[in-house]
Each structure stands twice: as C-alpha cells, then as structure tokens.
Amino acid sequence: MASSWFPRWRVKSATTDNGLIAPDETLPLGQTLIVGLQHAVAMFGATVLMPLLMGLDTNLAILVSGIGTLLFFVITGGRVPSYLGSSAAFVGVVIAVTGFNGQGLNTHLAPALGGIIVCGALYMLIGLVVMKAGTGWIERLMPPVVTGAVVMAIGLNLAPIAVHSVSASMFDSWMAVMTVLCIGLVAVLARGMVQRLLILAGLIVAWALYALLTNGLELGKPVDFSGVTAAAWFGLPQTTVPQFDLQAITMIAPVAIILVAENLGHIKAVAAMTGRNLDPWMGRAFVGDGLATMLSGSAGGSGVTTYAENIGVMAVTRVYSTLAFVAAALIALVLGFSPKFGALIHTIPGPVIGGASIVVFGLIAVAGARIWLQNQVDLGQNGNLIMVATTLVLGAGDFALKIGSFTLGGIGTATFGAILLNAILQRRRAASVGSAVQPHP
C-alpha cells in the first residue's frame with residue numbers, strides 16, 4: 001500500500017512511452033477534459049437506458065453516477081480508474097418489486113430503493129472483509145461457473161418483460177423489430193466511438209425513424225416535444241424517499257453478489273492492461289461502489305457499478321489516468337442538473353425503448369456465456385452441468401419460494417441456488433476424487 005492516500009500525478013505527454021498514461025499519471029488539463037468527455041459519452045448509453053427501463057428519473061441517475069464516481073475516486077485514493085454508472089443487474093429485481101410496466105416514471109419505487117440501499121450496505125460489508133482477508137474467498141465462493149450462470153439467468157428472467165412491453169399493438173411490435181435492426185446495423189457497420197455507443201446510436205436512429213412514421217406519416221402515436229420546450233435548462237432532479245420492505249430487500253440485496261463479481265473482473269482487467277497490481281485497492285473499490293449504491297438508492301436512483309464501456313475507452317486511448325474520471329464525473333453533474341436534457345430523454349417512445357430492452361437483456365444473458373468462455377469453464381463436468389441447468393430454469397421461469405411472510409423471486413432463487421448447488425456438488429466431487437486416488441492397503 002502507498003504511504004500517502006492520493007498519488008502525486010505526474011503530467012505526461014501521450015506521445016511518450018508508447019502513449020500509455022498510467023493511473024498515477026495525467027495528461028495536460030485540456031487533454032484530460034477531452035478524455036473525460038469520451039468517458040462521459042461512453043457511460044451515457046447504459047446510464048440513461050437502465051433508469052428508463054426501471055422508470056427512474058434519468059437526470060437523477062446521471063447526477064448520482066457523477067457523485068458516486070467522485071466518491072469512488074476519494075475512497076480508492078485515486079488509484080483505481082473506473083466510472084460508476086447505473087447497473088443492469090438491478091433492472092429485473094426493481095421491475096419485479098415495483099410491477100413497473102415500462103412507461104413513464106415508476107410510481108412504486110420506494111420499496112425497491114430500500115432494497116438497493118441494503119444491497120449497497122452488503123456490498124460495502126464484503127469490501128471491508130476483502131480489505132482484511134483478500135479476495136480468495138470470493139473466488140472460491142463464486143467461481144466463473146457460478147457468476148456466469150447467475151448473469152445469464154438474470155438476462156433470461158428479463159426476456160418476458162421486454163417482449164410484453166412491445167406487444168400492445170402490431171405497430172409497437174414492428175417498431176421494436178426495427179429498433180433491434182438499427183442497433184444491429186450500428187454494431188456491424190459503425191466504427192470507433194459510435195460503435196462503442198451502439199445501443200445509444202441505434203436507439204437514436206430508431207427514434208428518428210419512429211418520429212418520421214408517426215409525426216410525419218401519422219401511423220402511430222406521435223412524439224410529443226412540448227415537455228422539452230417547457231422544461232428549464234437548469235434545476236434539481238426529482239428524488240424519492242425510500243421505504244424498507246423485507247420482501248423487496250430479500251429480492252434485491254443478492255444483487256451485491258453480481259456487483260462483486262463484476263467489479264472484481266473489471267479491476268483485474270484494468271490491472272492486466274496497465275501492468276499495475278490493483279489487488280491492494282480491491283477492498284476499497286468494493287466499499288466505494290457500495291457506498292455509492294447506498295447514496296444513489298437514498299436519493300431515488302439505481303445501484304451503480306463499474307463500466308466495461310469505460311474500460312474499452314481506456315484500452316483504445318491507452319489513458320488510464322484516474323483524473324480523467326474526475327473530469328467525466330463533473331460533466332455528468334452538469335447534465336444531471338438540466339431538466340431540459342431529462343425531458344428530451346423521456347420523449348423516447350415506448351416501442352423504441354422496448355426494442356432496445358430486447359437487445360440489452362439478451363446481451364446480459366450472453367455476458368454469462370462469455371464469462372464461461374473466457375475462464376474455460378468445463379460444462380462436461382456433471383456438477384457444473386446440473387448447477388447451470390438448474391440456475392437457468394429457476395431464473396428464466398421466475399421460480400419463487402415463499403419463506404414466511406415474504407417471497408424469494410426467480411433471480412434470488414437462481415442466485416442462492418447457484419451458490420449452494422455449486423458448494424454442495426463441488427464438495428462431493430472433490431470428496432469422490434479424493435477417495436478415488438487413495439492407495440489400497
């Protein structure tokens with residue numbers, strides 16, 4: 001561990017040392033602001049889309065993402081380059097708790113916020129344990145076969161919600177198909193930063209197509225821009241007071257397991273790219289993310305997590321300076337205080353959001369498979385196969401268990417089921433292997 005809390009950032013030109021700027025180095029101020037803008041744009045797609053899917057105030061989500069990133073920066077001592085944005089892992093459980101139909105603002109958000117706060121507290125507690133004991137116990141409790149299964153189960157659990165949201169009329173269904181097509185074409189044909197923002201860019205193209213068909217050709221409900229005109233340029237976002245409900249807490253708190261696995265993977269990836277050992281700050285990173293999630297939930301926002309999108313920007317620019325994320329956070333603060341910006345976001349039509357949801361929820365499911373592939377998980381082992389098969393059906397079928405006065409929903413049963421089944425089956429496998437190699441007397 002370093003003797004001082006913050007490093008002494010050394011100003012460095014991007015043209016030296018193969019252009020790599022380490023976390024404790026920085027570009028000149030102007031270039032730092034430009035890189036920060038890139039990071040703000042990179043986080044923008046998911047940090048706007050995830051609140052829309054849950055019915056949260058987008059201005060508030062962006063604002064607390066900026067505050068959370070600054071909090072993370074301070075707690076990690078400016079050693080870990082990361083941006084904290086709205087996490088997709090909360091979408092399914094928040095919708096399940098609130099019964100949100102995918103349109104407008106979520107009026108039953110309060111119990112979910114209590115669950116998000118408790119989830120953040122659990123996440124912070126795990127971080128404190130990691131600061132004392134290291135990360136080895138996490139990797140044993142949640143190996144890649146478990147985290148991959150849980151992530152895939154979350155994506156599959158969300159699939160019916162996405163399909164139902166675009167089934168009100170045949171026009172809505174076809175617009176969802178067109179949105180998926182727009183996102184797919186951007187993913188295949190675009191290059192550079194536009195390709196990294198494929199969800200946002202495809203959504204904008206589909207939004208324009210929807211406006212052409214409705215406002216221009218009168219084929220559906222037109223886009224209403226009156227709210228944008230009436231909104232002020234600057235103002236405070238809408239906040240919600242949380243409520244603490246045991247059933248909501250039980251459904252949402254286990255998401256901390258996903259955040260831990262996600263953050264662990266992201267930090268290890270950044271460490272590999274920079275050649276720096278970031279393990280000493282892993283616990284602090286968990287604590288910072290947990291506190292940021294608690295802060296966000298207290299105001300009415302989603303839980304937050306580190307973003308792979310921003311890791312992609314670092315890989316492309318080779319700028320890992322943590323000061324770039326301070327710049328990105330400040331840009332997010334400015335956007336969060338603009339009601340006109342939020343009103344513009346809320347003009348995105350429901351069928352377009354639904355089409356984007358189909359892609360995003362599918363990508364969540366596929367991310368689970370990527371975890372298996374990257375870690376060479378052997379699904380030929382019976383223990384792994386049974387655990388994965390059970391987890392996926394529990395999640396996709398939304399299998400619920402009543403425990404006293406509350407119900408554990410599909411994502412909760414899939415998460416706890418995966419951990420318990422893996423622990424039981426792997427222990428039995430280890431015992432059988434151990435007995436098989438015992439020498440005969």
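**Burial, bridges and a pocket in a predicted chain**

Tutor: Let's start with Glu-25, which is buried, with a relative accessible area of 7%. Keep in mind that this is a predicted model.

Student: OK, which residue forms a salt bridge with Glu-25?

Tutor: The closest N and O atoms of the pair are 2.7 Å apart, inside the 4 Å cut-off for a salt bridge. Glu-25 lies in strand E2 (residues 25-26) and its partner in strand E1 (residues 10-11), so the pair ties together parts that are 15 residues apart in sequence. That partner counts as partly exposed, at 49% relative accessibility. The residue is Arg-10.

Student: How many salt bridges does the structure hold?

Tutor: Glu-25 and Arg-10 make one of them. Asp-24 and Arg-276 also meet in a salt bridge, through their side chains. For the structure, the count is 2.

Student: How many residues apart in sequence are the parts tied together by Asp-24 and Arg-276?

Tutor: The N to O distance in this salt bridge is 3.2 Å. Asp-24 is partly exposed at 29% relative accessibility, and Arg-276 is partly exposed too, at 34%. Asp-24 sits in the loop between E1 and E2, while Arg-276 sits in the loop between helix H12 (255-274) and H13, so the parts they tie together are apart in sequence by 252 residues.

Student: What share of the contacts between residues at least 6 apart in sequence joins residues at least 24 apart?

Tutor: For an example of a wide sequence gap, take Asn-310 and Pro-81, which are 229 residues apart along the chain, with their C-alpha atoms separated by 9.1 Å. That one is a C-alpha distance, whereas the share you want is taken over contacts in the chain. It comes to 79%.

Student: Sticking with Asn-310, is this residue buried or exposed?

Tutor: Asn-310 is found in helix H14 (residues 308-317). Its relative accessible area is 1%, and the cut-off for buried is under 20%, so Asn-310 is buried.

Student: Where is Ser-302, and what does it touch?

Tutor: At 1% relative accessibility, Ser-302 counts as buried. Its place is in the loop between helix H13 (282-299) and strand E4 (304-306). Not counting residues up to four places away in sequence, Ser-302 touches Met-54, Leu-56, Ser-86, Ser-87, Phe-90, Ile-116 and Ser-296.

Student: And which residues does Thr-32 touch?

Tutor: Thr-32 is in helix H1 (residues 29-54), and at 9% relative accessibility it counts as buried. Leaving out residues up to four places away in sequence, Thr-32 touches Thr-26, Leu-27, Leu-323, Ala-324 and Ala-327.

Student: How many of the 8 residues of helix H3 are buried?

Tutor: Helix H3 (residues 91-98) is mostly covered. Its buried residues are Val-91, Gly-92, Val-93, Val-94, Ile-95 and Thr-98. The number is 6.

Student: Which residue that is not a glycine has a positive phi of about 50 degrees?

Tutor: Most residues other than glycine have a negative phi. Just after H3 there's a positive phi of about 65 degrees, but that belongs to a glycine, Gly-99. Yours is in the loop between H17 and helix H18 (382-396), and it counts as exposed at 72% relative accessibility. The residue is Gln-376.

Student: Which residues make the nonpolar surface patch of about 420 Å²?

Tutor: Take Leu-125, one of its members. Its place is helix H4 (residues 110-133). At 49% relative accessibility Leu-125 counts as partly exposed, which puts it over the 30% that patch members need. The patch is made by Leu-122, Leu-125, Leu-128, Val-129 and Met-131.

Student: How much space lies in the second largest pocket?

Tutor: This pocket is lined by 27 residues, of which Gln-103, Gly-104, His-346, Thr-347 and Ile-348 lie nearest its centre. Helix H2 (58-75), helix H16 (339-345) and helix H17 (350-374) each supply at least two residues of the lining. The space comes to about 640 Å³.

Student: Last one: what percentage of the chain's residues counts as buried?

Tutor: The secondary structure comes to 19 helices and 6 strands. The accessible surface is about 19,300 Å², of which 68% belongs to carbon and sulfur atoms. Of the 441 residues, the share that counts as buried is 53%.

Conventions:
Residues numbered from 1 in each chain as written. Predicted model: local features only at pLDDT ≥ 70, side-chain atom pairs only at ≥ 80, totals over all residues. Heavy atoms only, no water. Patch = residues over 30% accessible without salt bridge, like charges linked within 9 Å, V, L, I, M, F, W, Y side chains within 5 Å. Areas by Shrake-Rupley, 256 points an atom, 1.4 Å probe, with all protein chains shown as cover. Helix = DSSP H or I, 4+ residues; strand = E, 2+ residues; numbered from the N terminus. Buried < 20%, exposed > 50% of the residue type's maximum accessible area, 1.4 Å probe, protein only. Contact = heavy atoms within 4.5 Å. 1 Å grid on protein atoms, 1.4 Å probe; cavity = no way out; pocket = protein on both sides within 12 Å on 5 of 7 lines; lining within 4 Å. Points joined across faces, edges and corners; volume = space filled by probe spheres on them.
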